[in-house]
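Reader: Hey, I've got a structure to go through and I'm new to this. Can we walk through it together?
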Amino acid sequence: MATPHNQAEKGQIAKTVLMPGDPLRAQFIAQTFLQKPQLFNQVRGMLGYTGTYQDKPISVMGSGMGMPSIGIYSYELYSQYGVENIIRIGSAGSYSAQAKLFDVVLAKAAYSESSYARTQNGELSPISYPSAELNDALRQSAGELGISMVEGTIHSSDVFYRNDPSQNPTYWERLRDEQGCLAVEMESFALFHNAKVLGKRAACLLTISDSFVSPEITTALQRQQSFTDMMKIALGAAVKL
């Protein structure tokens, strides 16, 4: 049952997977929130664990950075391991004063210039969408926990370090103003696309780790261990699925 990227055997991965980009964040979630977490993958250091949360089997696994990486892991989870739901829990840079440092953002859509969908199956739309059912479960969980979320379109970018010659407005300002993008990350467009292609479900929760409109920024340790609100929301939703 193992793939070139995942050493897990059949039955070791739950139907619902929480997927942070950082494998150390996956380890933190497993060790902090899951009961009796068992390591199922460490190929390429991409740690994956399965345990229980409120008696419900839940898995958590890193995706790595960027659409090619999450594209591989999520496709294999859906197609080879019987996973039905993947909830990405990642970090993002804010494009708007509406999304402040440490705010939790629920993605209603992902806009991207990426060629991922076109290359994967000829899809030409620059927008991919999450599962409405998963988003409703996340809203319900957040409400029960009393944690507020900002909702909107996010920008999934292939490029972290952009050399942008445009001025007034800059590229990110055009994405905010013309596409309604609240924040930028690098994975969700591909995740949503894979879920659509394979008839599965995907969603994305993000915590704002830095901002294009204010000078604050989080540390690597904060990104690894302090984004607990979105983790709790995702876990609360997962037990309902």
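Author: Sure! This is a predicted model. Let's start with overall size: for 241 residues, a compact globule would have a radius of gyration near 18 Å, and the protein chain has 17 Å, which agrees.

Reader: OK, and what does the C-alpha trace span along its principal axes?
Author: The C-alpha trace of the protein chain spans about 55 × 40 × 30 Å along those axes.

Reader: How many helices and strands does the protein chain have?
Author: There are 8 helices and 10 strands in the protein chain. As for how much is tucked away, buried residues account for 54% of the 241 residues.

Reader: Let's pick a helix. What about the length of helix 2?
Author: Helix 2 runs over residues 67-80, so 14 residues. At 1.5 Å a residue it should span 20 Å, and its end C-alpha atoms are 19 Å apart, which agrees.

Reader: Which residues of helix 2 are buried?
Author: Met67, Ser69, Ile70, Gly71, Tyr73, Ser74, Glu76, Leu77 and Tyr78. Here's a handy bit of background: an α-helix has 3.6 residues a turn, so residues three or four places apart point the same way.

Reader: And what comes just after helix 2?
Author: Gly82 does, and it takes a positive phi of about 70°. You get a similar story with helix 6: just after that helix, Gly199 has a positive phi of about 70°.

Reader: How many residues of helix 6 are buried?
Author: Helix 6, residues 188-198, is mostly covered, with 8 of its 11 residues buried. Those are Ser188, Phe189, Ala190, Leu191, Phe192, His193, Asn194 and Ala195.

Reader: What about helix 8, how much of that is buried?
Author: In helix 8, residues 228-238, 8 of the 11 residues are buried, so the helix is largely enclosed by the rest of the structure. Among the buried ones are Met230, Met231, Ile233 and Ala234.

Reader: Which residue is 10.0 Å from Ala234, C-alpha to C-alpha?
Author: That's Asn135, which is 99 residues away from Ala234 in sequence. Asn135 lies in helix 4, residues 132-145, and it counts as buried because its relative accessibility is 4%, under the 20% cut-off.

Reader: Back to phi. You mentioned glycines, so which sign do most other residues have?
Author: Most residues other than glycine have a negative phi. This model has some that don't follow that: Arg44 has a positive phi of about 55° although it is not a glycine, and Asp55 has a positive phi of about 70°, also without being a glycine.

Reader: Where is Arg44 found?
Author: Arg44 is in the loop between strand 2 (35-41) and strand 3 (48-53). Asp55 has its place in the loop between strand 3 and strand 4 (56-61).

Reader: Is Arg44 buried or exposed?
Author: Exposed, with a relative accessible area of 72%. Asp55 is exposed too, at 74%.

Reader: New topic: how many disulfides does the count come to?
Author: The count comes to 0 disulfides.

Reader: Why is there no bond from Cys181 to the closest cysteine sulfur?
Author: The closest cysteine sulfur to that of Cys181 is in Cys204, and at 13 Å it is too far for a bond. A disulfide needs the two sulfur atoms within 2.5 Å.

Reader: Is Cys181 buried or exposed?
Author: Cys181 counts as buried, at 1% relative accessibility. Cys204 counts as buried as well, at 0%.

Reader: Last thing, pockets! How much space lies in the largest pocket?
Author: About 870 Å³ of space lies in the largest pocket. Its lining has 31 residues, and the ones nearest its centre are Ser91, Phe160, Val184, Met186 and Asp210.

Reader: Which strand gives the most to that lining?
Author: Strand 5 does, with 5 residues. Other elements that give two or more residues to the lining of the largest pocket include helix 1 (23-33), helix 5 (171-179) and strand 10 (201-211).

Reader: And how do the lining residues divide up?
Author: The lining of the largest pocket has 13 nonpolar, 9 polar and 9 charged residues.

Conventions
Residues numbered from 1 in each chain as written. Predicted model: local features only at pLDDT ≥ 70, side-chain atom pairs only at ≥ 80, totals over all residues. Heavy atoms only, no water. 1 Å grid on protein atoms, 1.4 Å probe; cavity = no way out; pocket = protein on both sides within 12 Å on 5 of 7 lines; lining within 4 Å. Points joined across faces, edges and corners; volume = space filled by probe spheres on them. Helix = DSSP H or I, 4+ residues; strand = E, 2+ residues; numbered from the N terminus. Nonpolar A, V, L, I, M, F, W, Y, C, P; charged D, E, K, R; others polar. Buried < 20%, exposed > 50% of the residue type's maximum accessible area, 1.4 Å probe, protein only. Expected span 1.5 Å × (residues − 1). Rg over C-alpha atoms; globule rule 2.2 N^0.38 Å.
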